[in-house]
Amino acid sequence: MTVTDASLSTCFRSLASLLLKPPATIEVLPGDASIWIPDVAERSRSPFLFMENNLGIPEKELRRSYLFAVPIFSAARKAAGFHTLENPSNHIMSSMIQDLIDSSAVLILMNPAHQTALNARKQLIVRNLINVRQELEFTAALLSSRHCCKQGELWYHRRWLFKRIHPISSSPQGLVADEVPDTPNFHLPPNDLSVEISLVTRACELYPRNYFGWTHRTICIQSALVPGVRSTTSDVFTEIFSKEIISVMQWIESHISDYSAVHHLKNLARLTEDAESGPLPDNLLPMIEHALTLVRAFPEHETLWQYLRIFWNEGDVTTTFITSFVLPLQSTGMAEQESKSRAVQHACHFLEWRNQKLKLK
């Protein structure tokens, strides 16, 4: 092994070790290690920043570790052979398994949609060669990074872990995905549900309009509504659900272009109408008033008009909104045909939609 190879190997092993601690947060930093660690001696010991359990990884060092990990991962998968992994008794086999664990961790950090690496880790978990709860902590660390939190495959991997930790009796454990992957096949206790809500909130702050993050949040909420499982924690869950509705409404106020959040709120409303879900908060009336207020304040944002459509209900309040706000806005556009603002366009489209809705009644 050359000096360069030895240096790359040390860098790779150091990164894998840090990833699998795992850290509380991970951030990929621009440039190479020299920008962040000026001292040569310190940089030679480790090109990564690890402070108060937060890991900073210079992008160039990540790429070098990734390129070094690719052949290691390929060789480890081929040499180990999953049919022999039940009994990793000899030293060589144990080394191959560690290579597989380390290299797959680095590959997934660089490419969170790396299905082969994710599936290899699933195989290791099934054979108790990776602890499932440690993997849950590892994925939480990955999802703290903007680079990773936008990838649907990583969110799905996390739900696969929940299926093993909190399975539903009618949904046996295994590697094969359910026919409908975006439905809950696990049951989350209240404490774990709160953790997931916090995890998604952070991910959505890192990556705006995070569709996969909000989808994960919806599925986790649904998982706590499994018939016959939730009864012992009904009061606790009802409190979480109520807070969730308020929290998402507040989120929309400060993220007025986040349609994924609006869609999540729509799903929450649907859950309240599910008779099998048991007692859930039914105070959804504020949603229409909330939507009306936001559209008045930010009429140029299409997401808010969609929010209004979702919870629209004909009545005195909404009729007043039409006559006092939408129609005058439309009239403004008719007087200035050549330069319709976005707000005017949205108002016109909304009136067309409402007229069609009234005709169908």
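This report describes the fold of one protein chain, from its overall make-up down to single residues.

## Overall make-up

The model is predicted, not determined by experiment. The chain holds 17 helices and 3 strands. Of its 361 residues, 46% are buried. The accessible surface comes to about 18,200 Å², and carbon and sulfur atoms account for 53% of that area. Among contacts between residues at least 6 apart in sequence, 68% join residues at least 24 apart.

## The sheet

Strands of a sheet pair through backbone hydrogen bonds, and the pairing can be parallel or antiparallel. In this chain the 3 strands form an open sheet with the order β1-β3-β2, and the pairing is mixed. The edge strands, β1 (25–29) and β2 (49–51), each pair on one side only. From one strand to the next, the twist averages 15°.

The two pairings can be taken in turn. β1 and β3 are joined in the parallel sense over 5 bridges. In that pairing, Leu29 has Pro58 in β3 as its bridge partner. β2 and β3 (residues 54–58) run antiparallel and are joined by 3 bridges. Here Phe50 stands opposite Leu55 in β3. β2 and β3 form a hairpin with 2 residues between the strands, and in this hairpin Glu52 takes a positive phi near 50°.

Is β3 largely enclosed or largely open? In β3, 4 of the 5 residues are buried, so the strand is largely enclosed by the rest of the structure. Helix α4 (residues 59–80) lies across β1 and β3 and runs at about 80° to β3.

## Helix α6 and the loop after it

Helix α6 covers residues 115–126, which is 12 residues. At 1.5 Å a residue, α6 should span 16 Å, and its end C-alpha atoms are 16 Å apart, so the two values agree. The buried residues of α6 are Ala117, Leu118, Ala120, Arg121, Lys122, Gln123, Leu124 and Ile125. This list includes charged side chains, such as Arg121 and Lys122.

Asn128 comes just after α6, in the loop between α6 and α7 (132–142). Asn128 is exposed, because its relative accessible area of 66% is over the 50% cut-off.

## Two helix pairs

Which way do α9 and α10 run relative to each other? The axes of helix α9 (residues 152–165) and helix α10 (residues 190–206) come within 14 Å and cross at roughly 175°. Angles over 145 degrees count as roughly antiparallel, and α9 and α10 are therefore roughly antiparallel to each other. Trp155, Arg158 and Phe162 in α9 meet Glu196, Leu199, Val200 and Ala203 in α10.

The other pair is helix α13 (residues 259–272) and helix α15 (residues 302–310), which pack at an angle of about 10° with their axes 10 Å apart. That angle makes α13 roughly parallel to α15. On the α13 side the contact is made by Tyr259, Val262, Leu265 and Lys266, and on the α15 side by Thr303, Gln306, Tyr307 and Ile310. An α-helix has 3.6 residues a turn, so residues three or four places apart point the same way.

## His264

His264 is placed in helix α13. Is His264 buried or exposed? Its relative accessible area is 1%, so His264 is buried. Leaving aside neighbours within four places in sequence, His264 is in contact with Trp214, Arg217, Thr218, Ile221, Glu244 and Val248. The C-alpha atom of His264 is separated by 7.4 Å from that of Thr215, although these residues are 49 apart along the chain.

## Backbone exceptions

Most residues other than glycine have a negative phi, and most peptide bonds are trans. The table lists some residues that depart from this pattern.

| Residue | Backbone feature | Place |
|---|---|---|
| Pro22 | cis peptide bond with Lys21, omega about -10° | loop between α1 (3–19) and β1 |
| Asn128 | positive phi of about 60° | loop between α6 and α7 (132–142) |
| Arg209 | positive phi near 55° | loop between α10 and α11 (211–223) |

Each row of the table places its residue in a loop.

Terms used:
Residues are numbered from 1 along each chain as its sequence is written. This is a predicted model: local features need pLDDT of at least 70, side-chain atom pairs count only at pLDDT 80 or more; totals for chains, interfaces and linings use all residues. Side-chain values use heavy atoms; hydrogens and water are left out. Two strands pair if DSSP finds at least two bridges between them. Axes are lines fitted to C-alpha atoms, for helices over the stretch in contact, and angles run from 0 to 180 degrees between N-to-C directions. Contact means heavy atoms within 4.5 Å. The expected span of a helix is 1.5 Å times one less than its number of residues. Buried means under 20% relative accessible area, exposed over 50%, partly exposed in between (1.4 Å probe, protein chains only). Accessible areas come from the Shrake-Rupley method with a 1.4 Å probe; for residues, only the protein chains shown count as cover. Angles under 35 degrees count as roughly parallel, over 145 as roughly antiparallel, 65 to 115 as roughly perpendicular and the rest as oblique.
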